[in-house]
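Trainee: Please take one part of this model and look at it closely. Then show me how the rest of the chain is built.

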Amino acid sequence: MEATDNPLPINGGYPVHTFADVKSVYLTYIGDEKGKAMVEKAYLYAKKKHDGQFRKSGEPYIQHPIEVAYILANLQVGPETLASGLLHDVVEDTGTPIDEIKDNFGEDVAKIVNALTKIQRLKLSHRKEVDFEAEDHRKIFLGMAQDVRVIIVKLADRLHNLRTLGALSPERQKAIAKETLDVFTPIAHRLGIYTMQSEMEDLSLKYLEPEKYQEILALLNKKMADRQKSLESLKKRIANILYEHGLPFRMESRVKSIYSIYRKMYLKGHTFDDIHDVLAVRVITKTELNCYEILGIIHATYKPIPGRFKDYIAMPKPNMYQSLHTCIVSGDGNVYEVQIRTEEMDRIAETGIAAHWRYKEGEHYNAKEEQRDIESKLHWFRDFVSVSHEGAKGDAKRFMDALSNDVFNANVYVFTPLGKVINLPTGATALDFAYKIHTKVGDQAVGAVVNGAMAPLNTVLKTGDICEIRTNAVSGGPKPSWLEIAKTSSAKAHIRRFLQRRRGSEVKEERIAKGKAALLESFKAAGYGEEEAIKLVDNEKVYSNFGLKDLDELYEACAVKNPAPSSVMAFLHVKRKPGSYKVLGHNPDKDDKNPVRVEGVTNVAVSLARCCTPVPGDHIVGYVSKGKGIIVHRANCPNVKDAGKRLVPVSWKEDLGISVYPVDITIYANDRPNLLGDIIGALSSKSISVNDISAHISESDRTDSISMTVYVASSKMLEDAFSMLLGLKGVYDCVRIIH
């Protein structure tokens, strides 16, 4: 197919390109003979494979890969990406094995084409059920998260399909247009590829809301006609002033996209006349300093509109967009937006990531290194990859919600003390910020410093905040109440997994301890010491007989009496030693004053330890003391960590009646007026009595540590009290004390 000087218009005026057109573009930046040969070979290969195939519009199928390649070439992508654009439908539509692509064009091209083929095989937009749609969309994002080049090619593919949408049925037009707005334009926006995003949005709107599209188009045309003279006058005056000051510049006009106007009018409730940035003057200069100099001159010449100035140079958008925006009133009373940027900023503003990672001759390309580079510079892309990998399994709807909230709507920009920008969704807290830094930072977080002042983890952050996270390696990790504090799906998911792992670990350890105690108690009653008993049961014959793997599994099985300790003893033919005995006496369960049941032991004094202050609901163990009977400790109390043989199994009785138990706690908070009064009042509102209060104020950072004894009926009541206290202004942690 030969190139033409005047391409023929089709489908709304878009020109038909030839491979010669594509070549004329990529030859301007690809000089490497090997790279040029690869692209040429890919075209001839695709042309041969698609020979005899036609699109719905009636044109030869090869026209679509050519148009995709033309879009890609104008983004100055590398040879592998260009070749992938030409080959992206070969496997799907001609039955060519992916290994054949790999043999002819290398592993990189095969990987990209394979990912694009898997996306294409979803037969997008055919299924209408919400769950199926979410599942399809998830697969698209999973495919694109593998390699940024997959995204670029897929966007080019979708853009050309939208340009030729007129050949399809109205139902398919609407389905593809809706899918474009749901899936493709959000990621084009985040990648900063404005030229593709804007065109895809306008074309999608044209098919979804044709009447509104035409209405806005008519309003735009009228405004352009009415303002043409005014706009040219403004540009001329600005040019004269900048020329007088000797500043380098070039100037152009910008018209707001139809879809952007649609969003403001129909989704945000503005009238067309309320939108001040419909027409904009763009001033492009050499350096960042020139940008600020030009801004000062324009503000000195024209009256700026208060509250309409935005400095995206000092604080770039997540897609690397940089520019100065201001709104001014011109000499004839019309309002215009003025955008000021450098040439490099302008390239990135139009083509985003594609401008930053344009193919550079002579540089050795490494896909993995580029992916890491992108993730480090585009912070949201790291989150996109992370959410995509985490969402590979599980509920598709939850995955799409997480992607929308955590990635595409992350429009709050918060700084670390070193100046790194962290993107968060509206309403996100310091805890979300901690998990964005690193999951380990999140797990060990105990408080935050926001703009120089101590703040609790539930502090809602806003754009421009500087946040530092305070951590403590022995903090105990995430608490159930954190699920209410965290707003990002990624933080919530990590907290849930942590709590599930911890609960699973605690349950397993509890079963092992309970089974071990029961088994040893049976042996003890027969006159065998701990070491002697373990030596008997720790052998392969026992494990094999009961279908177990090791000693811990035996203990766990004994905890649920499968097998019962007596069955183990019977298998081993264990006989009671002469002189061994069982203590008989009254049933302590009938003693209403005793909240704890001691398993296998009767007629013994029982008391609760003061060092760790256990309460009903806590995991507990009994410690056989000298002269004081059995003292009940929390299972994690360090004072009984190495007690060994002196520990006995105990449990809380089921019906304890209405009783309260003392618990020693410490509350950490930022010092403020009436802090203690608010804490006492909050506890009192839950009928929790308080005693032995002491407070210490740190002069270095004005933080309080308030210790006290509270009286609660259960560990659940204590957890609820902690959650309530953490909701008070200034309170950032609550812990139980072990003396």
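**A sheet and its surroundings**

Mentor: Start with one pair: Val690 has Val710 of strand 22 as its bridge partner. This is a predicted model: local features need pLDDT of at least 70, side-chain atom pairs count only at pLDDT 80 or more, and totals for chains, interfaces and linings use all residues. Residues are numbered from 1 along each chain as its sequence is written, and side-chain values use heavy atoms, with hydrogens and water left out.

Strand 22 covers residues 703-712 and pairs with strand 21 in the antiparallel sense over 8 bridges. Strands pair if DSSP finds at least two bridges between them. Helices (H or I, at least four residues) and strands (E, at least two) are DSSP runs, numbered from the N terminus.

Now widen the view. The sheet is open, with 4 strands in the order 21-22-20-23 and antiparallel pairing. Strand 21 (689-698) and strand 23 (731-736) are at the edges; each has a single partner strand, so one side of each has no neighbour in the sheet. From one strand to the next, the twist averages 20°.

Two helices lie across this sheet. Helix 28 (residues 675-685) crosses strand 20 (661-670), strand 21, strand 22 and strand 23, and runs at about 20° to strand 22. Helix 29 (residues 715-726) lies across strand 20, strand 22 and strand 23, at about 160° to strand 23. Axes are lines fitted to C-alpha atoms, for helices over the stretch in contact, and angles run from 0 to 180 degrees between N-to-C directions. Contact means heavy atoms within 4.5 Å.

Next, a hairpin elsewhere in the chain. Strand 9 (residues 412-415) pairs with strand 10 in the antiparallel sense over 4 bridges. Val414 has Ile422 of strand 10 as its bridge partner. There are 5 residues between the strands, and Gly419 takes a positive phi near 95°. Strand 10 (residues 421-424) is covered on both faces: Val421 and Asn423 on one side, Ile422 and Leu424 on the other, are all buried. Buried means under 20% relative accessible area, exposed over 50%, partly exposed in between (1.4 Å probe, protein chains only).

Val412 is in strand 9. Its relative accessibility is 8%, so Val412 counts as buried. Lys462 is 50 residues away along the chain, yet the two C-alpha atoms are separated by 6.0 Å. Leaving out residues up to four places away in sequence, Val412 touches several others, including Ile422, Leu424, Leu461 and Lys462.

Two helices show another kind of packing. Helix 2 (residues 33-49) and helix 4 (residues 79-87) pack at about 5°, with axes 9 Å apart. That makes helix 2 roughly parallel to helix 4. Angles under 35 degrees count as roughly parallel, over 145 as roughly antiparallel, 65 to 115 as roughly perpendicular and the rest as oblique. Among the contact residues are Met38 and Tyr45 of helix 2, and Leu82 and Leu87 of helix 4.

Leu82 and Leu87 also belong to the largest nonpolar core, which has 61 residues. Helix 9 (residues 148-163) gives the largest share, 9 residues. A second, separate core has 36 residues, among them Tyr262 and Val338. Such a core is a set of buried Ala, Val, Leu, Ile, Met, Phe, Trp, Tyr and Cys residues joined through side-chain atoms within 4.5 Å.

Finally, the whole chain. The chain has 29 helices and 23 strands. Of its 739 residues, 48% count as buried.
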